[in-house]
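Student: I would like a close look at one part of this protein. Please take me to its nonpolar core, and then to a single residue.

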Amino acid sequence: MGDFTQKSVVKSAARKLATPIADYAAFSALIQDIIENNPWGCTAYESAGVAKPAVEKTKEAYAATIVYENVEAKTVGSIPVRGPSMAAVNTAVTQITGNAAITSGMGTGVSASRDSSEDSFSCTIKAHHNNGELYSVTFKRDSVTLSSYENDAIRTGLETWADTVAILA
């Protein structure tokens, strides 16, 4: 019987942010800058005969939490909201917090509000290094994860770039 022979060494690395990204606007601006300006020097490529951009979003996730508090500011309930975009989450939050039946169902004197400190957002970007290697970078509110890379120059380049971006400290 034949043995498995290692063909590659795929790596993963993560950076925990000292301070979470403040809000969706800052997060969105960061992602947009990467897509528009390609700060990692990636190259376009072809896959199965289809032209692919140097960097592209492959996955996004957004969430918010609606908190219900009584008159003593004690949390009596919460509703998590998840959606495919922050616009979708914002619309759902507006609809839910404006729904008197849900709020009154939480109790007398209860008010609904969004706890934006609990907002979460993530975006995965697929990138094509100039050496031909494909890798992914996932941005979350409190971390950045580089995955599926082999060449350490990719990690070094991403670290060097991230060190110049204030919100990724």
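Tutor: We go from the whole chain to the core, and then to one leucine.

Keep in mind that this is a predicted model. Start with the parts list. The protein chain has 4 helices and 9 strands. Along the sequence they run β-α-β-β-β-β-α-α-β-β-β-β-α. The radius of gyration is 21 Å, well over the 15 Å that the globule rule gives for 169 residues, so the chain is more spread out than a compact globule. Along the principal axes, the C-alpha atoms fill a box of roughly 65 × 45 × 30 Å.

Next, the inside and the outside. Of the 169 residues, 33% count as buried. The chain exposes about 9,800 Å², and carbon and sulfur atoms supply 52% of that area. Contacts also link distant stretches of sequence. Take the contacts with a separation of 6 or more: residues 24 or more positions apart account for 59% of them.

Now the core. In soluble globular proteins, nonpolar side chains tend to be buried together. Here, the largest nonpolar core has 36 residues. Those with the most contacts inside it are Trp40, Tyr135, Phe139, Trp161 and Leu168. Which elements give two or more residues to this core? They are the helices α1 (24-37), α2 (86-97) and α4 (152-162), plus the strands β4 (55-69), β7 (120-128), β8 (134-140) and β9 (143-149). The largest share, 5 residues, comes from β4.

Zoom in on Phe139. Set aside its neighbours within four places in sequence. Phe139 is then in contact with Phe27, Leu30, Ile31 and Ile34, among others. Its contacts also include Phe121, Ser122, Cys123 and Ile125. Val144 is another of its partners. Trp40, Trp161 and Leu168 touch Phe139 too, and these three are among the residues with the most contacts inside the core.

Last stop: Leu146, in strand β9. Is Leu146 buried or exposed? Buried means under 20% relative accessible area. Leu146 has 3%, so it is buried. What does Leu146 touch, leaving out residues up to four places away in sequence? One group is Lys11, Ser12 and Ala13. Another is Tyr135, Ser136 and Val137. Ile154, Arg155 and Leu158 complete the list. Tyr135 is also one of the residues with the most contacts inside the core. Ser28 makes a useful distance check. Ser28 and Leu146 are 118 residues apart along the chain, and their C-alpha atoms are separated by 19 Å.

Terms used
Residues numbered from 1 in each chain as written. Predicted model: local features only at pLDDT ≥ 70, side-chain atom pairs only at ≥ 80, totals over all residues. Heavy atoms only, no water. Rg over C-alpha atoms; globule rule 2.2 N^0.38 Å. Buried < 20%, exposed > 50% of the residue type's maximum accessible area, 1.4 Å probe, protein only. Contact = heavy atoms within 4.5 Å. Areas by Shrake-Rupley, 256 points an atom, 1.4 Å probe, with all protein chains shown as cover. Core = buried A, V, L, I, M, F, W, Y, C linked by side-chain atoms within 4.5 Å.
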